[in-house]
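Okay, thanks for coming, everyone. I'll walk you through one model today, so let's get it up on the screen.

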Amino acid sequence: MKYIVFEGLDGSGKTTISKMFVEYLYDKNYSVFYTKEPYTSEIEALIRQNQTNKTLLFLFLADRSVHIEKLKKQNVEFIVSDRSFYSTICYQGYGGGIDIDFVIKLNEFVVGNFLPDAVFYLDCSPKIALSRSKKLDSIENKNLDFFEKVRQGYLDLAKKYNFFTIDAHDKLQNVFLNVIKCYETIFV
Ligand code: TMP
C-alpha cells in the first residue's frame, strides 16, 4: 500500500488536484481510499468554532489519531489524503507560533511509523491562494502574514522531508501534469 499526501495553502488547488489524481489512479484500475484531514465531522465541527491555536493543535491531533487508525485498516493499493500532520506543523507551528519541535513530537506520537510514501506540496503565494479560496471562515480568515509563515513552513519541510514541490500558480492542467510526472518518477 502506498500512502500519498497533498499539502498546500487553502486555495492552492490541492483538493481539486488530489481528486484528479484519484481519478487517474482509478483509470489505471488501482484500488484507492481517498480521504482528508480534518477527518471526523464531530471534531471538524469543533475546529470550525473559532478556537485558540492551542485548542486547534489538540483538536487536529485528536482527529488525526482517529484518522490514522482508520487508515491502518485499509486494504487498498493507494491511500490518497488531502492534508496530513504536515498541515499541523505549518498552520499551528509556523503560522500559530507553537514551538515547531513540540508540534513535531506530538505528531510523531500520534502517527508513529505510519508516514506518507510521497508528499505533493502545491506551492502558491498566499495572495493568489486566498483570492481563489472561496470559504473564508474562522481558520481561513487570518491575515496574510499568517499564511506567509505557513508557506515558509511548507518550504522548509519540503526541503527537509523531500516533498515534491509543484508550482500551483500555473494552469490546473499543467499542475496536474507535473504531479503525474513526479508520481511516475517513483511509482512507475
Ligand atoms: P481544508 O480547507 O483543506 O479542508 O482544511 C481546513 C483548514 O484547517 C485549513 O485552513 C487548514 C487547517 N488545518 C490546520 O490548521 N491544521 C491541520 O492540522 C489541518 C489538517 C488543517
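Let's start at one spot: Leu-122 stands opposite Ile-166 in E5. Leu-122 belongs to strand E4, residues 118–123, and four bridges join E4 to E5, the two running parallel. By pairing I mean that DSSP finds at least two bridges between two strands. The helices (H or I, at least four residues) and strands (E, at least two) are DSSP runs, numbered from the N terminus.

Before I go on, the small print. This is a predicted model, where local features need pLDDT of at least 70 and side-chain atom pairs count only at pLDDT 80 or more, while totals for chains, interfaces and linings use all residues. Residues are numbered from 1 along each chain as its sequence is written, and side-chain values use heavy atoms, with hydrogens and water left out.

Now zoom out to the sheet. It's an open one with five strands in the order E2-E3-E1-E4-E5, with parallel pairing. E2 (32–36) and E5 sit at the edges with a single partner strand each, so one side of each has no neighbour in the sheet.

On to helix H8, residues 172–187. At 1.5 Å a residue, its 16 residues should span 22 Å, and the end C-alpha atoms are indeed 22 Å apart; that expected span is 1.5 Å times one less than the number of residues. Which residues of H8 are buried? They're Val-175, Phe-176, Val-179, Ile-180, Cys-182, Tyr-183 and Phe-187. Down the helix axis, these buried residues fall within an arc of 165°, so they line one face of H8; the arc is taken from the directions from the axis to the C-beta atoms. Buried means under 20% relative accessible area, exposed over 50%, and partly exposed in between, with a 1.4 Å probe and protein chains only.

What do the buried residues of H8 pack against? Their partners include strand E1 (2–8), helix H1 (14–27) and strand E3 (78–82); contact here is heavy atoms within 4.5 Å. Turned away from that buried side, you'll find exposed Lys-181 and Thr-185.

Last, some backbone oddities. The peptide bond from Glu-37 to Pro-38 is cis, omega near 0°, and Pro-38 is in the loop between E2 and helix H2 (41–47). Asn-29 isn't a glycine, yet has a positive phi of about 65°; at 67% relative accessibility, it counts as exposed. Arg-83, also not a glycine, has a positive phi near 85°, but Arg-83 is buried at 10%.
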